[in-house]
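The exercises below are meant to be worked through with the model at hand. Each one sets a task and then gives a solution in steps.

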Amino acid sequence: GETGQPLVDANMRELKHTGFMSNRGRQNVASFLTQNLNVDWRLGAAYFEEALIDHDVASNWGNWMFAAGLSGGRVNKFNIIKQSKDYDDQGEYCRLWCPELAQVPPPKIHTPWQLSQQEQTNFKVAVLPYPQARGGSVGAAAGGGGGQVYPKPVSEKSPGAQGGGYGGDKEGQWRGGDAKKRWDRVGDKWTGEKSRGGESRGGGARGGGSSGGKSRNSANTKRQDMMNAHMGI
C-alpha cells in the first residue's frame, strides 16, 4: 500500500487489514502490478491466495493470468487515475484507507504528487520519494503539527502493448533480485522443501557427485507440479 497511487494503495491496505477487496479493486491492482510495473503475475496471485478470505483457486489464478495479458486475447491495461475519478470521485475511499491524504480535496487526492509545496503545507502532507516517505511523520516538512507523509509514485516499467507480468523475458525467465527470492519463498511454503538452482558441479574437493543437484531438481519439479495444480494446468 505504498505505491504512490492512492487508489491502488487504498485497495491493498483494505486487503491487508480486512482480507477483502472489491472486484473493481482487484482488477485495478492486478493491472497495475502486471501492466504498469511488469511484475510477475504469479507473485500477485500468490499474495491474494494468502490474503483473501474469499479466495478461490480457479478464479484467482485464472483472473491474474488474464490481467497479465497472457490469455491470447486483448491486453486490458487500466488507467488508474481515470478509474480513481470514475469510482471514487470525491476521494472518500482513498481518504479512508490513506489517512495521510485526509485533508487533500478532490480531485487533487488522486494525484498527490502534483501538489505544490504550499498545498502540501496547507493539507499537512509531504509527498516524498518512497525511501524518505517511510516512517509517517515529518513535522515541519509537512506543514508542522504532526504532518503526514505520502510516497511519490514508484517508477513504472510497462511491458508494452504485448502485455507482460512476467518480470522477465518472453519465456518468463527471471531477471533475479528480490522478486526471485520472494517467489522461492512461495515455492518453499507450498512444497515444504527448499528448491534452488540446478545440478551441482561435479567432482572436486566438495565430495563430487550430483546428489545435491538431484535433490534440488526433485524439489524444483515438485514445486512446479504444485504451481501447475494451483493454476489448473
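**Exercise 1.** Which residues does G4 touch, not counting residues up to four places away in sequence?

*Solution.* The structure is a predicted model, in which local features need pLDDT of at least 70 and side-chain atom pairs count only at pLDDT 80 or more, while totals for chains, interfaces and linings use all residues. Residues are numbered from 1 along each chain as its sequence is written, and side-chain values use heavy atoms, with hydrogens and water left out.

Begin by placing G4, which is found in the segment before α1; helices here are DSSP runs of H or I with at least four residues, strands are runs of E with at least two, and both are numbered from the N terminus. Next, list the contacts, meaning heavy atoms within 4.5 Å: G4 touches D9, W113, Y150, P151, K152 and P153 once residues up to four places away in sequence are set aside. Then compare sequence with space: G4 and S155 are 151 residues apart in sequence, and their C-alpha atoms are 9.7 Å apart. Finally, G4 has a relative accessible area of 0% and is therefore buried, where buried means under 20% relative accessible area, exposed over 50% and partly exposed in between, with a 1.4 Å probe and protein chains only.

**Exercise 2.** Determine how many salt bridges the whole structure holds, and examine the pairs of E100, R42 and E119.

*Solution.* Apply the criterion, a side-chain nitrogen of Lys or Arg within 4 Å of a carboxyl oxygen of Asp or Glu; a search of the whole structure then finds five salt bridges.

One of them joins E100 to R13, with the closest N and O atoms 2.9 Å apart. Because E100 lies in the loop between α6 (92–97) and α7 (117–122) and R13 in helix α1 (residues 6–18), this pair ties together parts that are 87 residues apart in sequence. To judge burial, note that E100 counts as buried at 11% relative accessibility, and that R13 counts as buried at 15%.

Turn next to R42 and D40, whose closest N and O atoms are 2.7 Å apart in a salt bridge. R42 is buried, with a relative accessible area of 11%, and D40 also counts as buried, at 1% relative accessibility.

The side chains of E119 and K108 meet in a salt bridge as well, at 3.0 Å from N to O. Here E119 lies in helix α7 and K108 in the loop between α6 and α7, so the pair ties together parts that are 11 residues apart in sequence. K108 counts as partly exposed, at 34% relative accessibility.

**Exercise 3.** Describe the setting of S84 in helix α5.

*Solution.* Start with the helix, α5, which covers residues 80–87 and contains S84. The side chain of S84 reaches the backbone oxygen of I80 at 2.7 Å. Beyond residues up to four places away in sequence, S84 touches L7, D89 and H110. With a relative accessible area of 2%, S84 is buried.

Definitions and conventions
A polar contact is a pair of N or O atoms within 3.5 Å; within protein, one must be able to donate a hydrogen and the other to accept it, and residues adjacent in sequence count only if both atoms are side-chain atoms.
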